[in-house]
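Me: I would like to go through some of the labels attached to this model and ask what each one rests on.

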Amino acid sequence: PPDPDSRTIAYDGLGACVSFSYAERNQSIPSRLDGKLTLTSLQAIYLGTTESWRELRGPRLPIARYRSNSPEITAIFEQQVLAPATFDNPPLSDIPPLPTLDMLRTIIQDFESQTVGSVGFAPLSQVLGQCSVYPLALQTDSQPAVQPWILTSGEPIQPTTDLCDRKGLYHPDTDAFQTGDYPLTYQISVVYPKDNRRVSIGQKFAELMQTDEGQYLLADAGLVPLRNLWIQAP
């Protein structure tokens, strides 16, 4: 419609996920990178100008790249990571698109079976609880690195954190998403026409999702609520 309205009901973000093998923990990508990566380095990886983690002071592993099979997620990645660059051909066209779970399985299999350091991007809501991969903290050129997941104690997860053993004891850092401090944050919004002649279904649905009950429902689905419900949960 020519005059739409919208209401944000939750947040999500893209995670740059790498393998998190316990058998090779000391030589793992998260450990060698100190758990973080700059957006400039992530861009260079996906533009193909960085082909080994060694170039980023990581382990001596070649980099294999994967991307989401979702057109919307791919578009967000292009806008937030690749947009500052200029290129003649679509940079992601030669990168295999995979559903999130298939991508995560492939990343860990590449590391354990082929000694390849794969990386893929996916919505963090779909990665939470998948403890064989690690979402790297992301850093812009002018700001410190921000890890999207924190422990119930409030401390960010680290490469030394046993994510499998501590399932249920970490969750998204609501403050980092609300403020946009996590660089690859994006909003989940309900968009509806601003037309009084129509039944206001969209507006009512958005209002329902903004209630505490709706926010807990969205949080259960892996999304980041508008308010910090984690500390309110029994």
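Reply: The model is predicted. A starting point is S19, which sits in strand β1 (residues 4-19).

Me: Why is S19 called buried?

Reply: Buried means under 20% relative accessible area. S19 has a relative accessibility of 0%, so S19 counts as buried.

Me: Which residues does S19 touch, leaving aside those up to four places away in sequence?

Reply: S19 touches I29, P30, I107, I108, F111, S118, S132 and V133.

Me: I108 is on that list. Where is I108 found, and why is I108 called buried?

Reply: I108 belongs to helix α4 (residues 100-114). The relative accessible area of I108 is 12%, and the limit for buried is under 20%. I108 is therefore buried as well.

Me: What separates the C-alpha atoms of I108 and F20?

Reply: The distance between these two C-alpha atoms is 7.2 Å, while the residues are 88 apart along the chain.

Me: What makes the crossing of α2 and α3 oblique?

Reply: Two packed helices are described by the angle between their axes and the distance between the axes. The axes of α2 (residues 39-47) and α3 (residues 71-82) come within 10 Å and cross at roughly 120°. Angles of 65 to 115 degrees count as roughly perpendicular and those over 145 as roughly antiparallel. The crossing angle of roughly 120° fits neither range, so α2 is oblique to α3.

Me: Which residues make that contact, and how do they divide by class?

Reply: From α2 come L39, L42, Q43, Y46 and L47, and from α3 come F77, V81 and L82. By class, seven are nonpolar, one is polar and none is charged.

Me: What is notable about phi in D34?

Reply: Most residues other than glycine have a negative phi. D34 is not a glycine, yet its phi is positive, about 60°. D34 lies in the loop between α1 (29-32) and β2 (36-38).

Me: Is D34 buried or exposed, and how do you know?

Reply: Exposed means over 50% relative accessible area. D34 has 52%, so D34 is exposed.

Me: What is the phi of R57, and why is R57 called exposed?

Reply: Phi of R57 is near 65°, again positive in a residue other than glycine. R57 is placed in the loop between α2 and β3 (63-68). With a relative accessible area of 74%, set against the limit of over 50%, R57 is exposed.

Me: How many cavities of 30 Å³ or more does the structure hold, and what lines the largest cavity?

Reply: There is one cavity of 30 Å³ or more, and the largest cavity has a volume of about 40 Å³. Its lining consists of D12, G13, L124, S125, L128, W149, P172, F177, G222 and V224. The elements giving two or more residues to this lining are β1 and α5 (124-127). The lining of the largest cavity divides into six nonpolar, three polar and one charged residue.

Me: What volume does the second largest pocket have, and which element gives the most to its lining?

Reply: The second largest pocket holds about 170 Å³ of space. Among the residues that line this pocket are D5, Y192, K194, R198 and Q203. Two or more lining residues come from each of β10 (185-193) and α7 (201-210), and α7 gives the most, with three residues. By class, the lining of the second largest pocket has four nonpolar, four polar and four charged residues.

How values were computed:
Residues are numbered from 1 along each chain as its sequence is written. This is a predicted model: local features need pLDDT of at least 70, side-chain atom pairs count only at pLDDT 80 or more; totals for chains, interfaces and linings use all residues. Side-chain values use heavy atoms; hydrogens and water are left out. Axes are lines fitted to C-alpha atoms, for helices over the stretch in contact, and angles run from 0 to 180 degrees between N-to-C directions. Helices (H or I, at least four residues) and strands (E, at least two) are DSSP runs, numbered from the N terminus. Angles under 35 degrees count as roughly parallel, over 145 as roughly antiparallel, 65 to 115 as roughly perpendicular and the rest as oblique. Contact means heavy atoms within 4.5 Å. Ala, Val, Leu, Ile, Met, Phe, Trp, Tyr, Cys and Pro count as nonpolar, Asp, Glu, Lys and Arg as charged, and the others, Gly among them, as polar. On a 1 Å grid over the protein atoms alone, a cavity is a set of points where a 1.4 Å probe fits but cannot get out, and a pocket is an open set with protein on both sides within 12 Å along at least five of seven lines; lining residues have an atom within 4 Å of a point. Grid points are joined across faces, edges and corners, and a volume is the space filled by probe spheres set on the points. Buried means under 20% relative accessible area, exposed over 50%, partly exposed in between (1.4 Å probe, protein chains only).
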